[in-house]
Amino acid sequence: MQLAWSPEDEAFRAELVAFLDEHVPPEAAGGFDYADAADRSGGELLPDWARAWQATLFDHGWMIPGYPPELGGRNCTPVQTLIYLEEMASRRVLRSFHFPGYAIVAPSLLEFGTEAQREIVPAAIRGDTVWCIGMSEPNAGSDLAGLQTRAEVHDDRFVINGQKVWTSYATIAQKCFCYVRTDPTAPKHRGISTVIVDMDTPGIEIRPLRHLSGVGGFAEVFFTDVEVPRENLVGELNGGWRITQGSLAHERAGLWVDGVARLETTIEGLVDLARRRGVDRDATVRRRMAELYERAASLRALGYKGFASFAQGSSAPEHSFMKMATSELSKECFEAGMQLQGAYGAVVDPDRGEEQGRWALGFLTSFAGTIAGGSAEIQRNIIAQRVLGLPRGT
Ligand SMILES: Cc1cc2nc3c(=O)[nH]c(=O)nc-3n(C[C@H](O)[C@H](O)[C@H](O)COP(=O)(O)OP(=O)(O)OC[C@H]3O[C@@H](n4cnc5c(N)ncnc54)[C@H](O)[C@@H]3O)c2cc1C
């Protein structure tokens, strides 16, 4: 059994480390473990240095290393992608402050887009264009196929009316990757299309919303007779459901790394907190710390097991579990941090709570992880049906 990286992979890591040592801006590194983009940037959704950092990564082939150079990568292997994600996570370096463009829009356009649409992919990955994703609506979140934003189909254009909600980055985005109903008579999964909407089109109104933690970043987006050229259709008319599954598939096997690394940082912080508060000899506290540590370590082992299956060409059911498990454990860790502080534990005020309210803010922010991209309950349904083969619940 080989438990070491190959010399080529070690050389890849060395090149990455040298690049990071030279280029990572101080603001991008060593941030909080509850890293919500706006928390890390003092409330600004997309600071200039973060734009510059993403462009630097792209220009040096380190933005999506598995992609070719013209798409901000260097054609690296899956193992090297894992090394990349590990190295970035262990340094707590964020690649980008706005994931929709590089992580969702780019792979979707590469797979389904027209030639002209594929030409706008490099700008999405480099971060030159800011994108938002218009999926969720007031009555369509987990049940996304129930979306009702309507697009009338004309020969040369679509006319959109309706509302989206929880649209991250809508307040700063230039474009929206928007899911609309183009055939209200078809079964609900079959009447949806995907269109690219320029956010400065007349008829779009954006109303900002705040997260539970107090930071901005979300918005409601209202569409009133918004005209979109026909060539902005992505993929086939009424074929939008297939596109909802689009993401960086080749990175999926390593996406758990960031969640686990963040957990490990949180648990190290908990142990420090227990020491500072003089409760590190308390048997109950020690047992709780050990339990959290052991669960994070098990998740890391499970992530590697899934990655090994993936690298050998098999499916990796472990990865269905990782997002749910890391986000749920994160909530527990921050709650433990609040409890360790006693009465002040729930104080978010940066002048009063320990570490500028890190534990209470982290607890509030941690709920996002159990909702965004499919709630923990929906993940459990998927695991029950697709991994365990159980029948659908009634
Ligand atoms: C940080 C963050 C960023 C987001 N960014 C975006 C974005 O950019 N664009 C976008 O379109 N959306 C975005 N969302 C919205 C997100 O996709 C939805 O919140 C999510 O899909 C859940 O939908 P919902 O809020 O409508 O809740 P609902 O679907 O109404 O669910 C409410 C509750 O019921 C549970 N539930 C629902 N159905 C079932 C079921 N079948 N079985 C068991 N339990 C069930 C859910 O788990 C949840 O607890 C974001 C959300 C968050 C938290």
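Me: Which residues come nearest to the ligand?
Reply: M135, G141, S142, S375 and E377, out of 17 residues around the ligand. A residue counts as near if its C-beta atom, placed from the backbone, lies within 6 Å of the molecule. This is a predicted model: local features need pLDDT of at least 70, side-chain atom pairs count only at pLDDT 80 or more, and totals for chains, interfaces and linings use all residues. Numbering runs from 1 along each chain as its sequence is written.

Me: What is the shell around the ligand like by class?
Reply: Eight nonpolar, eight polar and one charged. Nonpolar covers Ala, Val, Leu, Ile, Met, Phe, Trp, Tyr, Cys and Pro; charged covers Asp, Glu, Lys and Arg; the others, Gly among them, are polar.

Me: And where does the ligand lie with respect to the domains?
Reply: Between domain 2 (129-239) and domain 3 (253-387), because both give residues to its shell. Domain bounds come from an automatic or database domain assignment. Strand β1 and helix α14 (376-387) each supply at least two shell residues. Helices (H or I, at least four residues) and strands (E, at least two) are DSSP runs, numbered from the N terminus.

Me: Is β1 buried or exposed on its two faces?
Reply: Both faces are covered. W131 and I133 on one side are buried, and so are C132 and G134 on the other. Buried means 20 or more other C-beta atoms within 10 Å of a residue's own, exposed means 12 or fewer, and partly exposed is in between, with C-beta atoms placed from the backbone.

Me: What does β1 pair with?
Reply: Strand β4 (residues 175-181), parallel, over four bridges. Pairing takes at least two DSSP bridges between the strands. C132 has C176 as its bridge partner in β4.

Me: New topic. Where is P25?
Reply: In the loop between α1 (7-23) and α2 (37-40). P25 has 13 other C-beta atoms within 10 Å, so P25 is partly exposed.

Me: What is P25 in contact with?
Reply: W49 and W53, leaving aside neighbours within four places in sequence. Contact means C-beta atoms, placed from the backbone, within 7 Å.

Me: How far is P25 from Q379?
Reply: 36 Å, C-alpha to C-alpha, with their positions 354 residues apart in sequence.

Me: Overall picture? What is the radius of gyration?
Reply: 22 Å; a compact globule of 394 residues would have near 21 Å, so the protein agrees. The radius is taken over C-alpha atoms, and the globule rule is 2.2 Å times the number of residues to the power 0.38. The protein has 14 helices and eight strands.

Terms used:
Two residues are in contact if their C-beta atoms, placed from the backbone, lie within 7 Å.
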